Structures are given as structure tokens and as C-alpha cells.
Amino acid sequence: MSIYITTAIPYVNSSPHIGFALELVQADALCRYYRWRGEDVFLLTGSDDNAFKNVISAREHGIDVAEFVDRNSGAFQNLSRELGVSYNNFIRTSGTQHHQSVHQFWRNLNSNDLYRKNYNGLYCFGCEDFLSPKDLVDGLCPEHLAPPTPVAEKNYFFRLSKYQLQLEKLIENNVIEIYPEHCRNEVLTFIRNGLHDISISRSAERIDNWGIPVPGDPDQVIYVWIDALINYLSGLGYNDSDCWRKYWREDSLKIHVIGKNVWKFHAVYWPALLLSAGLPLPNKIFIHGFFTVNGRKIGKSLGNGVDPTPIIRDFGADAVRYYLLSAGQPFNDCDFSLEKLTSAYNTNLANGIGNLFSRLIKLSRQSKVPVRQLTTSSAFLEKQAANVESFRFNTALNFIRDEITSINREIDQQKPWEAIKRCDILTLERILPDWLNRLHGIADLLTPFTPECVEKIKIALQRPDNCPVEQLFPRIKSSNG
Ligand SMILES: [Zn+2]
């Protein structure tokens, strides 16, 4: 089966923080899982270069916008590499391919769905969206704590209202599956409360001509959110490439991984636009929670975003991936702190898989029991499949942790080093191959999560007498001393 997995594309008005690392790692874990099962997977990530927020930040820094966007987009691409994200394409919405795809998509929209109208609204530049008076709290955007700007202009509108019933049915019948359930309910309530047509262009003058002009009307720029959503098509080479034909088709599995603040765009606007353009719909939308830092919400404006790069350097990509995916429920918010990361690292990685690995390789060498063919039981794998395919990464990792603890406990009880001392080959042949086989199974299950350590385990299991005994996860001293 062809499988297509995407992250949202962040706007690049600053360098990435730990929150976006979570989304990258979730998408990559899914991707590695399906590839490991033999599926043909394409993973897309990228950057939203066209957001007006990028222009505002570039001005504040006194830097040319294009140069500013290049630099920050590069930082996001570096983060993907540092985390070992196995993406197939990194799409930038400032690129020519994307511009062409957006124009093609606009022209493919049902022409009855577009019209022009004068519009008065309250615009939040932080959200890059119009807010209705009932969205405001004390006159402020509740997310950005800033007053919206009154804007009056003539824009293109998309007939979203026309798709209300169709969208409701598609989600009710799980043609588009939304995870988790509480977000699915929120989306359905939003749709049932009535969909209004949406403005899908902006005055080019008001936003410094930054972005993609409306085809045939250079005075209008395509609303950045519409432009950004189309990255999921342009990233495949819409609408004329083999890649596009292979991954965006009715019978491919298309999964969007997004944060909880952008479901309106992905679960409502995007499917309606695709219906209008006569294109296949995404199958699954997985909505994750956010990371707080030391108990506080992360915000670019709050200035408490944690830079993931030095953390990856100190702990390793595997450890950061492990922490992000295991620290909490994937659908709820969860907290990041260096103390929590250090503690999870020492408990689950250094004392868990790291300890089990070095014990078993050492025992295998000392015992001289020949290594047999290693296989992982399918029952063991199926347990894992149900968790990963429903995005419950923490449950998947808990299952692996329990298996590691259980083998470590058996080793303590059976004391194989005593059998080695007595040269009791019969006992060793009875217990050791089973443990090695189970370590192999653990490595299989860890494949989506900690790819570097899995590779080391697999190489060592092939030639235990030849590999250097290195520690997979050397203990780290906690910052409290
Ligand atoms: Zn806002």
C-alpha cells in the first residue's frame, strides 16, 4: 500500500522549539513503523515561508524577508535531520513548484465556489485569521492576548457553507477519521453549528505583496492558510508527477499529523477545498497535544521556547525521541523539563534497554553458546501494531519497557553467571537463546522510536563476539547533582 504522512508546516518567524520536535518525531515514528512493515511510505515536512508573521519578524530584526525566511527554514530542516527524521521531501512554500501547484489548485476549484465580496472583520495577525467578536476575551485574541485589527477590504470567498452536510457525513461515517475522539466531537460540533463562507484572499497591499498572488488578480494574495494547506499536494509534485499520482489517490493511506490549534483548517477547510477541486480526501487526522516547559505554555511571544538542538547534542536523538513519545498521553498536553528528561533517560534507557543489552551481549560472549536464528513472534508484533496505528506511542513504549523489565528480572533470578562459572552449557543453552531472541523482538518494536540504538543492537546480535561492548545509553548525572 502507498502511505503518505505529513507534519504541519510551521511558520518560520523564529527558530524551532521543542514543541515542534514532538510533531516531527510522531510523524517519523509512524513512517518508520509502516516502512518496517514493508509499506511504501512518503514522509513530508517543510516550512510555511509565506506567513505574514515572517514579514513582521524580519522587519523587527531589520533583515530582508527572503533572507530571514531562508535562515529560519534552514533551522527547521536541520532540526529534522538532528532528530533522525526520515523525510522524503522538505517543502518550502516560497518555492516555484509550490507556487505553480497553488495556482493549479485554485484553478481546479469549482468556479461556483468562488466569489468576491466586501468584507469587514477583526483580524488577528498572530492567528493569521479573522476572529468573530464572540471569539474574543476582554476584546483580545485569547491565544495571542492582543487586540485584533479592524480590516475592511474586498476579498475572494470560498463557499464553505455548501459543504456543511457533506463534511458532517464524512466525519460521522469515519471516511475521514479524526483522532482522538474528543477532537472528533469538537470538529463535529463546529460543523453542526453552521459553516460560514470563508475569505480566502487578502489585499496584496496590506501584506506587502508577500505570498502567492491570486491567479489573474495581482491585487490579491491567496490567504496564507489556504496556500499552506496546498503544501500537502505540492510536496508530492501536484499535479503532474508519478509521486503525486502514487501517494495522493483514493486507495492510498493519507495521514496528517497536526497540533490541536489547527484542526479547523485541516479537518474542515481542507476537506471542503479538496471536494471542490474533485480530489481524494485525507483518511486520518491525528491531533496531538502540546508540550509545556516547566509547567508553562510555550509561546514564541512568551520567549520560553526551549531550543532542542543542544538537548539533542547532550542526550542523543534517540533519547529525545524516546522522551517526547513516552512522556505522556499523545492526545493531551505534557510537560518538558531537563530534570524529567534526565530521569526518564536514566530509568528507561540507561538502566532499561541499555543495561539489558550490555548484560546479554556480555553473557553471550562468556557462555560461548552459539547464536541461533532470531525471530520475533507475530503475536508480539500485533500487540504493538494496534498501539502505533492508533497513535498511542506512549502505550507502545510502556509495553516495550515492561518486556525489558521482565527479562532483566529473569536474569537476576536465574543468575546465568553462576552457570558460566560451572561451565554448565546445558542450562545456558536453555535460557540464553530465549533472552537473545526477546532482545531481538524488543529491537524490532523499538524501530519506529529509537532507530540508532536499534541498529547497534541488531549488529551486535548478529556477531556478539565481534562487536565492541559499548554502552547504548551511558548514565547522565542529573542537573541537581
Ligand atoms: Zn490570535
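Trainee: What makes E1 and strand E12 (residues 253-259) count as paired?

Mentor: DSSP has to find at least two bridges between two strands. E1 and E12 have 5, running in the parallel sense, so they count as a pair. One of the facing positions is Thr 6, which stands opposite His 256 in E12. Keep in mind that this is a predicted model.

Trainee: How do you know that E1 also pairs with strand E2 (residues 40-47)?

Mentor: Apply that cut-off of at least two bridges again. There are 5 bridges between E1 and E2, in the parallel sense, so this is a pair too. If you want a spot to click on, the bridge partner of Ser 2 is Asp 40 in E2.

Trainee: Which elements make up the β-α-β unit, and what is its handedness?

Mentor: E1, helix H1 (residues 18-36) and E2 make the unit, and it is right-handed. Point the strands away from you: the path from the first strand over the helix to the second runs clockwise, and that is why the crossover gets its label.

Trainee: Why is strand E1 (residues 2-7) called mostly covered?

Mentor: A residue is buried if 20 or more other C-beta atoms lie within 10 Å of its own. In E1, 5 of the 6 residues are buried, so "mostly covered" fits.

Trainee: And why is Ala 267 called buried?

Mentor: Ala 267 has 27 C-beta neighbours inside 10 Å, and the cut-off is 20, so it's buried. Ala 267 sits in helix H10 (residues 263-277). Leaving out residues up to four places away in sequence, Ala 267 touches Ile 178, Val 187 and Ile 285. The C-alpha atoms of Ala 267 and Leu 188 are 9.6 Å apart, with the two positions 79 residues apart along the chain.

Trainee: Which residues of helix H2 (residues 52-61) are buried, and what covers them?

Mentor: The buried ones are Phe 52, Asn 54, Val 55, Ser 57 and Ala 58. Their cover includes helix H3 (65-82) and helix H7 (224-229). After H2 comes Gly 62, with a positive phi near 65°.

Trainee: How do you know whether H2 is roughly parallel or roughly perpendicular to H3?

Mentor: The two axes come within 9 Å and cross at roughly 105°. Anything from 65 to 115 degrees counts as roughly perpendicular, so that's what H2 is to H3. H2 brings Asn 54, Val 55, Ser 57, Ala 58 and His 61 to the contact, while H3 brings Val 65, Phe 68 and Val 69. Sorted by class, that's 5 nonpolar, 3 polar and no charged residues.

Trainee: What makes strands E5 and E8 edge strands?

Mentor: Look at the open sheet of 4 strands, ordered E5-E4-E6-E8 with antiparallel pairing. Strand E5 (129-131) and strand E8 (198-199) each pair on one side only, hence the name.

Trainee: How many bridges join E6 to E8, and what does that say about pairing?

Mentor: 2 bridges, antiparallel, and the rule asks for at least two, so E6 and E8 pair. Phe 157 has Ser 199 in E8 as its bridge partner. On the other edge, 3 bridges join strand E4 (residues 114-124) to E5, where Cys 124 partners Asp 129. Between E4 and strand E6 (residues 149-158) there are 10 bridges in the antiparallel sense, with Leu 114 partnered by Phe 158 in E6.

Terms used
Residues are numbered from 1 along each chain as its sequence is written. This is a predicted model: local features need pLDDT of at least 70, side-chain atom pairs count only at pLDDT 80 or more; totals for chains, interfaces and linings use all residues. A residue is buried if 20 or more other C-beta atoms lie within 10 Å of its own, exposed if 12 or fewer, and partly exposed in between; C-beta atoms are placed from the backbone. Two residues are in contact if their C-beta atoms, placed from the backbone, lie within 7 Å. Axes are lines fitted to C-alpha atoms, for helices over the stretch in contact, and angles run from 0 to 180 degrees between N-to-C directions. Angles under 35 degrees count as roughly parallel, over 145 as roughly antiparallel, 65 to 115 as roughly perpendicular and the rest as oblique. Ala, Val, Leu, Ile, Met, Phe, Trp, Tyr, Cys and Pro count as nonpolar, Asp, Glu, Lys and Arg as charged, and the others, Gly among them, as polar.
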